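Biologist: Please pick one part of this model and take me through it closely. I want to see what surrounds it and which side chains join it to the rest.

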Amino acid sequence: MSMALEELVRSAIAALLHATGESQTQFAAALGVSQAQVSRRQSGAAAWSLADCEAVAAHYGIKAHDLLAGPTQAAEALPTERRRVPGRPVPSARSAALDGGA
């Protein structure tokens with residue numbers, strides 16, 4: 001049984017959040033939306049648009065078709081420097097701003 005496209009996208013985003021250690025709040029800030037909007041989209045109460053998918057892919061440094069292919073492909077396409085390293089804190093949007101955007 002195959003997943004519907006919307007479920008593939010939600011699963012891929014969940015996998016990317018996990019692989020990077022990024023919170024929904026950090027992810028939402030990077031996309032310029034609220035955490036509540038991300039939560040609604042991830043729960044299936046609202047859908048990720050194609051424009052959203054392009055923004056998500058750009059944020060993670062992957063191609064949109066990798067995101068649409070599902071969680072395995074999306075996680076495998078994630079650049080090494082974006083992957084969570086155990087013991088290393090995930091930079092927040094606030095800490096990056098305090099470091100001068102580094």
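Modeller: What follows is a close look at helix 4 and its surroundings.

First, the ground rules. This is a predicted model, so local features need pLDDT of at least 70 and side-chain atom pairs count only at pLDDT 80 or more, while totals for chains, interfaces and linings use all residues. Residues are numbered from 1 along each chain as its sequence is written, and side-chain values use heavy atoms, with hydrogens and water left out.

Now the setting. The protein chain has seven helices and zero strands. Helices (H or I, at least four residues) and strands (E, at least two) are DSSP runs, numbered from the N terminus. Of the 102 residues in the protein chain, 28% are buried. Buried means under 20% relative accessible area, exposed over 50%, and partly exposed in between (1.4 Å probe, protein chains only).

Helix 4 covers residues 50–60. Its buried residues are Asp52, Cys53, Val56, Ala57 and Tyr60. They span an arc of only 135 degrees around the axis, which puts them on the same side of helix 4. That arc is taken from the directions from the helix axis to the C-beta atoms. An α-helix has 3.6 residues a turn, so residues three or four places apart point the same way. Ala51, Glu54 and Ala58 are exposed, on the face turned away from the buried side.

What does the buried side of helix 4 pack against? The partners are helix 1 (5–20), helix 2 (24–31), helix 3 (35–43) and helix 5 (64–68). Contact here means heavy atoms within 4.5 Å.

Next, the two ends. At the start, a side-chain oxygen of Ser49 comes within 3.4 Å of the backbone nitrogen of Ala51. A polar contact is a pair of N or O atoms within 3.5 Å; within protein, one must be able to donate a hydrogen and the other to accept it, and residues adjacent in sequence count only if both atoms are side-chain atoms. Just after helix 4, Gly61 has a positive phi of about 75 degrees.

Asp52 also has a charged partner. Arg41 forms a salt bridge with Asp52, with the closest N and O atoms 3.8 Å apart. Arg41 lies in helix 3 and Asp52 in helix 4, so the pair ties together parts eleven residues apart in sequence. A salt bridge is a side-chain nitrogen of Lys or Arg within 4 Å of a carboxyl oxygen of Asp or Glu. The structure holds one. Arg41 is buried at 14% relative accessible area, and Asp52 counts as buried at 19%.

The charged end of Arg41 also sits over the ring of Trp48, 5.3 Å from its centre. The test is NZ of Lys or CZ of Arg within 6 Å of the ring centre and within 35 degrees of the ring normal.

That leads to the rings. The whole structure has two aromatic pairs. Phe27 and Trp48 form a tilted pair, 6.1 Å centre to centre with 55 degrees between the planes. Phe27 and Tyr60 have ring centres 5.7 Å apart and planes at 20 degrees, so that pair is stacked. It links Phe27 in helix 2 to Tyr60 in helix 4, 33 residues apart. Rings of Phe, Tyr and Trp (its six-membered ring) pair if their centres lie within 6.5 Å; planes under 30 degrees apart count as stacked, over 60 as edge-to-face and the rest as tilted. Ring pairs link Phe27, Trp48 and Tyr60 into a cluster. Phe27 and Trp48 are both buried, and so is Tyr60.
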